[in-house]
Amino acid sequence: MSNAKITSDQLRSRDWFDNPEHPGTTALCIERYLNYGITLEELTSGRPIIGICQSGSDLTPCNRHHIELVKRVKDGIRAAGGVPFEFPMHPIHENARRPTAALDRNLAYLGLVEVLHGYPLDGVVLTTGCDKTTPAALMAAATVNIPAIVLSGGPMLNGWRGSERVGSGTIIWELRKRLAAGDIDYAEFLARATDSAPSVGHCNTMGTASTMNAMAEALGMSLPGSAMIPAPYKERAMVAYRTGERIVEMVWEDLRPSDILTREAFENAIVTCSALGGSSNAPIHVNAIARHAGLELDNDDWQRLGHAIPLLANVMPAGAYLGEEFHRAGGVPAVISELLGAGHLHGDVMTVNGHSLADNVRGRETRDDDVIRRYGNPLVAHAGFLNLGGNLFDSALMKTSVISKDFRERFLSDPDDPDAFEGRVAVFDGSEDYHARIDDPALGIDERTILVMRGAGPVGHPGGAEVVNMQPPEALIRRGIESLPCLGDGRQSGTSGSPSILNASPEAASGGGLALLETGDRLRVDLGKGEVQLLIDDAELEARRQRLEANGGYRYPDHQTPWQEIQRTLVEPLDRGMTLEPAPKYRDVARLSPPR
Ligand code: FES
Ligand code: MG
């Protein structure tokens, strides 16, 4: 192979499989791997050993298709002269895991770091799909720094009801309002919700799953054009084969995550995320991956680089189409091509195929400029996030493009300032409190109320709940008020398009100011200044803080499992990526030989 930088003697796996200085440990290792029919020749003739991190299982249906796809990955690895070793990832399924799938992102990360460090692997294929599987895999690849390539399982086919597209997740938010308004019953609700999931694959909307797989591609960690191929398409299996071939070449080229995950690559990811109308979970995960790659990326970077970027992907929840149309229109390369043409991306960064980002998208313009818009004809002018501060928190994100005209009129506080809003708050402590009390008339919720959710961050929930997008009381929905602004220290589903201020850090459970808020308080949101202010004087705010501290601080539910306790002890706030406090300092651990 012409670009080879290393020889078979330098393969990491040789230390396990062909080490005459340690015949005992070598023999013990080899004999057991032969017990299912691998030959001695395969393990000792200097072929790269390639791990395949299998994220699909019956518990992770969004990724389950990888059980089939990895057969093509293995074919590709074999064809290129490698030996595949498949192993499981800790399951992470967004919808079924309680209290929240986010609790498991760091657990899967830790498990994968240990596997990649402690076993005889020269490179790894990371199979991804459902929301947190992608960041967990990329975080581990960044920490360990062995050659690594991402293979998305791809989104499901489009959901349909008659001639209407039904997008995963997004339809649930709509149907919940219909159910609350009494337009449909529970049976109809379930029947229509399942229309959105017609095949194998992950969410077909631009929710967190599609966003994070697109981020992997924008970062240069998966083959160009691969992120959004629908799961059942033949191209999906073809790209699985090429991914297998390519990882073997990457091992010989010694092409590692540290060559790809540079500051410029992360800046590209931020810009691309905005143009995709990507999930509000992306800043958390992308900041986390960056921290594990040894870079500090923060929410100011997201605002500075991303806020003014126009929305180009006409995909739900921000747009009208789903994964199939997006793929046919050119997918992520077409979006990158537009952004590159407008001068917003670093085109010379390296990617997993050994070519630059600019090389990869040459000639791959949009094939349908309604689905993937031209830069000069976007759906929305400013699609990215604002990073807000104020007297209640240091950082919280808001996607301003979802603020409707009606909403602006309802909350405008000053006719001369279109960016300043005011409202009275109703405060909830976690999602159970919200469900118990949202319809309570004593809260006095009307069309000018801001709903506040606290106790929903990585410590409070634990793991950080996707519960900030709260729907209004039924009485208000019946009057046609379908959404109220929401503010919280938790997250929001990437498939929801509500106007919310999210991910407030620090969270109430870690001493954040939201703990001091009381129902009836007034908030002023000034998007021009980038601030959210509780309208009380500083002395009263301080008095509230002292009362809270005298009462032992903000209360949250007890730990229920050992991992909940460990994670709560070590987890950092959402704006710092919700990483584990000691983890980012571990870099390049593949270089450190584990003791025998
Ligand atoms: Fe798994 Fe959306 S729930 S991808
Ligand atoms: Mg989600």
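**Exercise 1.** In which loop does Pro 462 lie? Describe also the peptide bonds that precede Pro 462 and Pro 99.

*Solution.* The model examined here is a predicted one.

Step 1. Locate the residue. Pro 462 belongs to the loop between β10 (449–454) and α20 (474–478).

Step 2. Inspect the bond before this proline. His 461 and Pro 462 are joined by a cis peptide bond, with omega of about 0 degrees.

Step 3. Turn to Pro 99. This residue has its place in the loop between β2 and α5 (102–118). The peptide bond from Arg 98 to Pro 99 is cis, and its omega is near 5 degrees.

Step 4. Set this against the general rule. Most peptide bonds are trans, and most residues other than glycine have a negative phi.

**Exercise 2.** Determine the sign of phi at Asp 254 and at Asp 588, and decide whether each residue is buried, partly exposed or exposed.

*Solution.* Step 1. Asp 254 is found in the loop between α10 (234–253) and α11 (257–260). Its phi is near 55 degrees, a positive value in a residue other than glycine.

Step 2. Asp 588 lies in the segment after α22 (562–570). Although Asp 588 is not a glycine, it has a positive phi of about 60 degrees.

Step 3. Apply the cut-offs: a residue is buried if 20 or more other C-beta atoms lie within 10 Å of its own, and exposed if 12 or fewer do. Asp 254 has 15 other C-beta atoms within 10 Å, so it is partly exposed. Asp 588, with 15 C-beta neighbours inside 10 Å, therefore also counts as partly exposed.

**Exercise 3.** Give the order of the strands in the open sheet of four strands, and explain why one side of β2 and of β4 is left without a neighbour in the sheet.

*Solution.* Step 1. The order is β2-β1-β3-β4, and the pairing is parallel.

Step 2. β2 (83–88) and β4 (148–152) stand at the edges; each has a single partner strand, so one side of each lacks a neighbour in the sheet.

Step 3. From one strand to the next, the twist averages 25 degrees.

Step 4. Examine one pair in detail. Strand β3 (residues 123–128) is joined to β4 by five bridges. Leu 126 has Val 150 in β4 as its bridge partner.

**Exercise 4.** Which relative orientation do helices α6 and α13 adopt, and which residues meet where they pack?

*Solution.* Step 1. Helix α6 (residues 133–144) and helix α13 (residues 282–292) pack at an angle of about 15 degrees, and their axes are 8 Å apart.

Step 2. Angles under 35 degrees count as roughly parallel. The two helices α6 and α13 are therefore roughly parallel to each other.

Step 3. The crossing of α6 and α13 is right-handed.

Step 4. From α6, Pro 135, Leu 138, Met 139, Ala 142 and Thr 143 meet His 285, Ala 288, Ile 289 and His 292 of α13.

**Exercise 5.** Describe the surroundings of Leu 392 and the strand β14, which has a covered and an uncovered face.

*Solution.* Step 1. Leu 392 is found in the loop between β7 (385–390) and β8 (395–399). With 28 other C-beta atoms within 10 Å, Leu 392 is buried.

Step 2. Apart from residues up to four places away in sequence, Leu 392 touches Gly 513, Leu 514, Leu 517, Val 532 and Leu 534.

Step 3. Val 532 and Leu 534 form the covered face of strand β14 (residues 531–534), whereas Glu 531 and Gln 533 form the uncovered one.

Step 4. Identify the partners of β14. β7 runs parallel to β14 and is joined to it by two bridges, with Gly 390 opposite Val 532. Strand β13 (residues 522–526) pairs with β14 in the antiparallel sense over four bridges, and Asp 526 stands opposite Glu 531.

Step 5. β13 and β14 form a hairpin with four residues between them, and Gly 530 in the turn has a positive phi of about 70 degrees.

**Exercise 6.** How many residues of strand β12 are buried, and with which sense does β12 pair with β8 and with β11?

*Solution.* Step 1. Six of the six residues of β12 (residues 500–505) are buried, so the strand is largely enclosed by the rest of the structure.

Step 2. β8 and β12 pair in the antiparallel sense over three bridges, and Ser 395 stands opposite Ser 505.

Step 3. Strand β11 (residues 486–488) runs parallel to β12, joined by two bridges; here Leu 487 stands opposite Ile 501.

Methods:
Residues numbered from 1 in each chain as written. Chains lettered and ligands numbered in written order. Predicted model: local features only at pLDDT ≥ 70, side-chain atom pairs only at ≥ 80, totals over all residues. Pairing = 2+ DSSP bridges. Axes fitted to C-alpha atoms, helices over the stretch in contact; angles between N-to-C directions. Contact = placed C-beta atoms within 7 Å. Parallel < 35°, antiparallel > 145°, perpendicular 65-115°, else oblique. Left-handed = near helix turned anticlockwise from the far one by under 90°.
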